[in-house]
Amino acid sequence: MDIPSDIAQWQKGFATHSASETERAGEILAALIPSDTALLLEGKLGAGKTTFTRGFARGLGIKGDVTSPSFSLLTIYEGQRQLLHVDAYRLTQPSQWDSLLIDELCESPWNLLIEWPENVRGKEPEGAWTLTIENTDTDARQLTLKKT
Ligand code: ADP
Ligand code: MG
């Protein structure tokens, strides 16, 4: 299956039919998104946000595996760009974002991917893009990109 390689197609939306296709989508978006840009990953539990991030990391040439450890809010990976992966699932107050000191940690070139961005509303970095992942079937997901 072909993952679109132009942004207009991502904005229209497209479907993936397996976890590995969603990973591949992440890998491709890593090459399309500018550096020093945040990406908000919207979608319910099990939508594929971490799966997408795993592919995105691969696209940046990051070797280690991407996981969402239970008590880790932020993981930083070094690749062609620095990847900051935030899982905000357990944040109960957007103000807790401040204690992560993300602004201080971002060293250009970087990308910041945020799962559960609704938990940090109002704290999103300026110019962040949003990717929505919706379950349409057991193994099917609809991916739609919004640039701001
Ligand atoms: P989230 O981080 O959004 O909670 P995960 O990426 O951890 O979700 O989990 C997604 C789950 O859905 C995985 O078990 C994955 O194998 C499964 N899955 C099935 N089909 C797809 C698909 N098309 N895209 C992404 N994940 C899929
Ligand atoms: Mg996750």
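**Figure 1. Thr 37 sits in a strand of this predicted model.** Strands here are DSSP runs of E with at least two residues, numbered from the N terminus. By that reckoning, Thr 37 belongs to strand β2, which covers residues 37-42. The model shown in this and the following views is a predicted one. Thr 37 counts as buried because its relative accessibility is 9%, and the cut-off for buried is under 20%. Take a look at its side chain, which reaches the backbone oxygen of Pro 34 at 3.2 Å. Beyond its neighbours within four places in sequence, Thr 37 is in contact with Trp 110, Asn 111, Leu 112, Gly 127 and Trp 129.

**Figure 2. The whole protein, for orientation.** Before we go further in, here is the setting. The protein has four helices and seven strands, arranged along the sequence as α-β-α-β-α-β-β-α-β-β-β. Its radius of gyration is 14 Å, close to the 15 Å that the globule rule gives for 148 residues, so the protein is as compact as a globular protein of that length. Along the principal axes, the C-alpha trace spans about 40 × 30 × 30 Å. Of the 148 residues, 45% count as buried. Among contacts with a separation of 6 or more, 62% come from residues 24 or more positions apart. The exposed surface amounts to about 7,400 Å², and carbon and sulfur atoms supply 48% of it. As for charge, there are 14 positive and 21 negative side chains, with the centres of the two sets 3 Å apart.

**Figure 3. Leu 131 and its surroundings in strand β6.** Leu 131 lies in strand β6, residues 129-135. With a relative accessibility of 0%, Leu 131 counts as buried. Setting aside residues up to four places away in sequence, Leu 131 touches Trp 10, Phe 52 and Glu 42, among others. Its partners also include Leu 39, Leu 40 and Leu 41, as well as Leu 143, Thr 144 and Leu 145. For a sense of distance, the C-alpha atoms of Leu 131 and Ala 57 are separated by 16 Å, and these residues are 74 residues apart along the chain.

**Figure 4. Helix α3 is mostly covered.** This helix takes in residues 49-59, and eight of its eleven residues are buried. Follow the buried positions along the helix and you will meet Lys 49, Thr 50, Thr 51, Phe 52 and Thr 53, then Gly 55, Phe 56 and Ala 57. After α3 comes Gly 61, which has a positive phi near 75°.

**Figure 5. A cis peptide bond joins Ser 108 and Pro 109.** Omega of this bond is about 0°. Most peptide bonds are trans, so a cis bond is worth a second look. Pro 109 lies in the loop between α4 (102-105) and β5 (110-115).

**Figure 6. Leu 101 and Trp 116 have positive phi values.** Most residues other than glycine have a negative phi. Phi of Leu 101 is near 55°, and phi of Trp 116 is near 60°. Where do we find Leu 101? Its place is in the loop between β4 (82-87) and α4. Trp 116, for its part, is found in the loop between β5 and β6. Are these two residues buried or partly exposed? Leu 101 is partly exposed, with a relative accessible area of 46%, whereas Trp 116 counts as buried at 13% relative accessibility.

Notes. Residues are numbered from 1 along each chain as its sequence is written. Chains are lettered from A and ligands numbered from 1 in the order in which they are written. This is a predicted model: local features need pLDDT of at least 70, side-chain atom pairs count only at pLDDT 80 or more; totals for chains, interfaces and linings use all residues. Side-chain values use heavy atoms; hydrogens and water are left out. The radius of gyration is taken over C-alpha atoms; the globule rule is 2.2 Å times the number of residues to the power 0.38. Buried means under 20% relative accessible area, exposed over 50%, partly exposed in between (1.4 Å probe, protein chains only). Contact means heavy atoms within 4.5 Å. Accessible areas come from the Shrake-Rupley method with a 1.4 Å probe; for residues, only the protein chains shown count as cover. Lys and Arg count as positive and Asp and Glu as negative; His and the chain ends are not counted. The place of a charge is taken as NZ of Lys, CZ of Arg, CG of Asp or CD of Glu. A polar contact is a pair of N or O atoms within 3.5 Å; within protein, one must be able to donate a hydrogen and the other to accept it, and residues adjacent in sequence count only if both atoms are side-chain atoms.
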